[in-house]
Amino acid sequence: MNKLFTGDNLYILHGLNSESVDLIYLDPPFNSKRKFDAPVGSIAAGASFEDMWNWSDVDSLYLEEIINNYPFLVQFIQTIGRINGDSMKSYITYMTQRIIEMKRILKNTGSFYLHCDSTASHYLKIVCDRIFKKNNFRNEIIWKRLNVSGKESQYKKKKYSSNTDIILFYTKSDDYFINPYRKLNEDEMKIKFPYGKFPNRYKLGTRLFRSTTAGPRPNLCYEWRGFKNRSEAGWALSKERLEEEYQKGNIVIKNEKSLERRSYEKDYKGEPISNIWDDLNEWTKNERTKFPTQKPLSLMKRILLTSSKENDVVLDPFCGCATTCIAAQQLNRKWIGIDISEASSKIMIDRLSDDSALFKDFINIKSPPKRSDIKEVPVSNSLRQEIYNNQKGQCNACDLQTDLRHFELDHIIPRSKGGGDYFENYQLLCSSCNRIKGDRPMAYLLLKIQKINKLHKYELSFS
Ligand SMILES: [Zn+2]
């Protein structure tokens, strides 16, 4: 069943199983709370990026994941703060928390597309290089944005107008599906393969002889079925390959003087797609909603057709007006959409329900899901004992050593924020530490109990 979640994607991502999704596309909003639905870097938004992001957008509950597993990113994010200010630091931290989860959810054979623009793409690329590993970076795709204008602003701003977005494409390993070819329509096919009749249309293929300027190649000089190389530069292919092509029907003897090399439409995979996407800015009829950062279906379909197969699961954690979900549905992919805004979930539900009877095939869920790929551990005396032994009889925060019966069991991440009854999410705290912490992050508690000198790394969360 396709799923549409309404809520903070951080908690929802935490509840999705590891390696359960084949393709992730995200187009994160300019602002986490959607006060202004303007895209990052748009003209309307350009001046106010700093007003849109601050540390309160970052959920410190999940910072430990970065601090514990990505110490380089902690340093990097602090550096961003020094270069670009606290807003950018907050934005990149917010994105880092989520990208870490997305990588976990993505299958090993999966692909990841992050839609952004030059406001933050250079910072996000370093974050992704670190999380996905830099050798899994595949392309920086340049997409020519819709409604390109901005002459006025260009004049005032004394710079070129900025008409493109950037899509960073990563995979999780070298083993991934890709089909980077565009199918031509019938008119284009007629031009491409002008000879013969369907389905045996063909074009004249590459030449049979090497260019005379390429220099002599004695091993490519030979006689074949009465034909000889034209110059000492020789044939373009070996005698064996030539015969092979002839047997396949790709080389035709027209008469005793001329040969023809053909490429048939049946062997044609499509036009190779480059990293510059300037051919995808057409809206189809009835496609527009009032959603300001809406992307065209043609863009989503390109990504889905290139990097997923039928029945694959596609995830869009900032799904806005559900364009990804609709493209997925139309192309027979399964989908999961997440969006924080009730308003956008309404647009989505209308859109999904309106488009066709097919689109009733989804459920709207308003609470974080529970992972089914890790075992929940009910609270028990033996669980308490095991954690007690792991912690060597000490409070997990203040190191106080005491009897098991004086400790209280705490969920490191509260259940309301997507933290489950998982072994890794339990700890024992002394009662005074547990009282200070409440539903707050561990970083807060540790800071409170004067571990500052040992834990300067927590500067990320509370500086
Ligand atoms: Zn304690």
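## Confidence of the model

Residues 33-48 keep a pLDDT under 50 throughout, and the model gives this stretch 31 contacts beyond four places in sequence. The structure is a predicted model. Taken over the whole chain, the mean pLDDT is 86, and 88% of the residues reach 70 or more.

## Overall organisation

The chain comprises 463 residues, of which 48% are buried. Its secondary structure consists of 17 helices and 18 strands. When contacts between residues at least 6 apart in sequence are considered, 68% of them join residues at least 24 apart.

## The zinc site

A zinc ion is coordinated by the SG atoms of Cys395, Cys398, Cys430 and Cys433, at 2.3 Å. The angles among the four donor atoms run from 103 to 120°, and the site is tetrahedral; this assignment follows because four donors count as tetrahedral if all angles lie between 85 and 135 degrees. Along the sequence, the donor residues follow the spacing C-x2-C-x31-C-x2-C.

Two of these donor residues can be described by their accessibility. Cys395 has a relative accessible area of 2% and is therefore buried, whereas Cys398, at 30%, counts as partly exposed.

## The second largest pocket

The second largest pocket holds about 730 Å³ of space. Its lining is made up of 26 residues, and those nearest its centre are Asn68, Ile412, Ile413, Glu424 and Asn425. Three elements give two or more residues to this lining: helix H4 (63-69), helix H6 (86-105) and helix H16 (442-448). H4 provides the largest share, with four residues.

Asn425, one of the residues nearest the pocket centre, is situated in the loop between strand E17 (407-411) and strand E18 (426-430). With a relative accessible area of 8%, Asn425 is buried. Beyond its neighbours within four places in sequence, Asn425 is in contact with Asp410, His411, Ile412, Ile413, Gly419 and Gly420. Among these partners, Ile412 and Ile413 are also listed with the residues nearest the centre of the pocket.

## Helix H12 and the residue after it

Helix H12 spans residues 323-330 and is mostly covered, with seven of its eight residues buried. The buried positions are Thr323, Thr324, Cys325, Ile326, Ala327, Ala328 and Gln329.

H12 is followed by Asn332, which is found in the loop between H12 and strand E15 (334-339). Asn332 is not a glycine, yet its phi is positive, at about 60°. Its relative accessible area of 43% makes Asn332 partly exposed, in contrast to the buried residues of H12.

## Further backbone features

Most residues other than glycine have a negative phi, and most peptide bonds are trans. Against this background, two further sites deserve mention. Lys392, a residue other than glycine, has a positive phi near 55°. Lys392 lies in the loop between helix H14 (381-390) and E17, and at 64% relative accessibility Lys392 counts as exposed.

The second site concerns a peptide bond. The bond from Phe198 to Pro199 is cis, with omega near 0°. Pro199 belongs to the loop between helix H9 (186-192) and strand E7 (202-204).

Note on methods. Residues numbered from 1 in each chain as written. Predicted model: local features only at pLDDT ≥ 70, side-chain atom pairs only at ≥ 80, totals over all residues. Heavy atoms only, no water. pLDDT = per-residue confidence, 0-100. Contact = heavy atoms within 4.5 Å. Donors = N, O, S within 2.8 Å, 3.2 Å for Na, K, Ca; no water. Tetrahedral: all angles 85-135°; square planar, octahedral: opposite > 155°, others 65-115°. Buried < 20%, exposed > 50% of the residue type's maximum accessible area, 1.4 Å probe, protein only. 1 Å grid on protein atoms, 1.4 Å probe; cavity = no way out; pocket = protein on both sides within 12 Å on 5 of 7 lines; lining within 4 Å. Points joined across faces, edges and corners; volume = space filled by probe spheres on them.
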